Amino acid sequence: VLGGVRVLINAKPAFLQLLSPGQINAVVPDGIGVGRVPVEVVTTEGNSESFLVEAVGRAPALLAPPSFAAGGIQYVAALLPDGVYAGPENLVAGAAFRPARAGDRLVMYGVGFGATIPAVAAGQVSSAGATLPNLRVSIGGVEARVEYGGLASGFVGLYQINVVVPEVTASGPTALAMTVDGVALAQALAVAVAR
């Protein structure tokens with residue numbers, strides 16, 4: 001319960017993270033099943049009408065804000081070790097960007113990646129070591145070495161993916177692809193790469 005508000009997903013209480021007049025952020029609880037499940041918002045003033053959402057085991061999505069788009073290309077928010085984003089220079093005013101090079105390490109964050117090994121209960125603050133099964137990442141169609149893929153330590157429901165940029169054939173916007181246990185990233189994302 002946050003500010004007198006609860007969210008029930010298939011009759012199970014969700015873990016609330018943010019509450020504002022136009023938005024509720026919640027972490028889906030374990031054990032809701034798959035398929036169409038009801039969601040209901042409960043407040044001191046009454047309950048919302050129940051509505052259905054599609055529940056799946058995995059729906060991976062990486063942080064890629066709309067401001068990281070240019071020329072019809074959506075760039076992922078990927079950090080280089082020096083704190084600079086891997087993207088075209090001047091992509092966002094006031095933020096530092098540069099194209100990544102082969103051998104650079106990228107850190108990306110996302111949600112919806114699903115169960116880890118070992119399992120961490122929904123709503124729990126995670127510690128390092130809860131990794132994703134069968135995580136594969138490619139940049140420009142070339143397999144990238146995954147150094148870590150799992151829950152981000154100290155957070156609830158946030159995933160961290162660390163990869164090494166492979167040698168690719170061309171410079172510029174380069175397609176990023178990812179699967180976890182056979183489930184592909186639905187987003188069309190790119191990383192800016194320089195040779």
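This section describes the salt bridges of a predicted model.

Seven salt bridges are present in the structure. One of them pairs Arg 58 with Asp 181, with the closest N and O atoms 3.8 Å apart. This contact joins distant parts of the chain, as the two residues are separated by 123 residues. Arg 58 lies in the loop between strand 7 (51–55) and strand 8 (61–62), whereas Asp 181 is located in the loop between strand 17 (172–180) and strand 18 (183–184). The two partners also fall into separate classes of solvent accessibility. Arg 58 has a relative accessible area of 15% and is therefore buried, the cut-off for this class being under 20%. Asp 181, by contrast, is partly exposed, with a relative accessibility of 41%.

A further salt bridge is formed between the side chains of Arg 136 and Glu 143, with an N to O distance of 2.9 Å. Here Arg 136 is partly exposed at 47% relative accessibility, and Glu 143 is likewise partly exposed, with a relative accessible area of 43%. Both values lie between the limits of 20% and 50%, so neither residue is classed as buried or as exposed.

Arg 145 and Glu 147 are also paired in a salt bridge, in which the closest N and O atoms are 3.2 Å apart. Glu 147 has a relative accessibility of 36% and is accordingly counted as partly exposed. In addition to these pairs, Asp 82, Arg 98 and Asp 104 are joined into one network by salt bridges that share partners.

Note on methods:
Residues numbered from 1 in each chain as written. Predicted model: local features only at pLDDT ≥ 70, side-chain atom pairs only at ≥ 80, totals over all residues. Heavy atoms only, no water. Salt bridge = Lys/Arg side-chain N within 4 Å of Asp/Glu carboxyl O. Helix = DSSP H or I, 4+ residues; strand = E, 2+ residues; numbered from the N terminus. Buried < 20%, exposed > 50% of the residue type's maximum accessible area, 1.4 Å probe, protein only.
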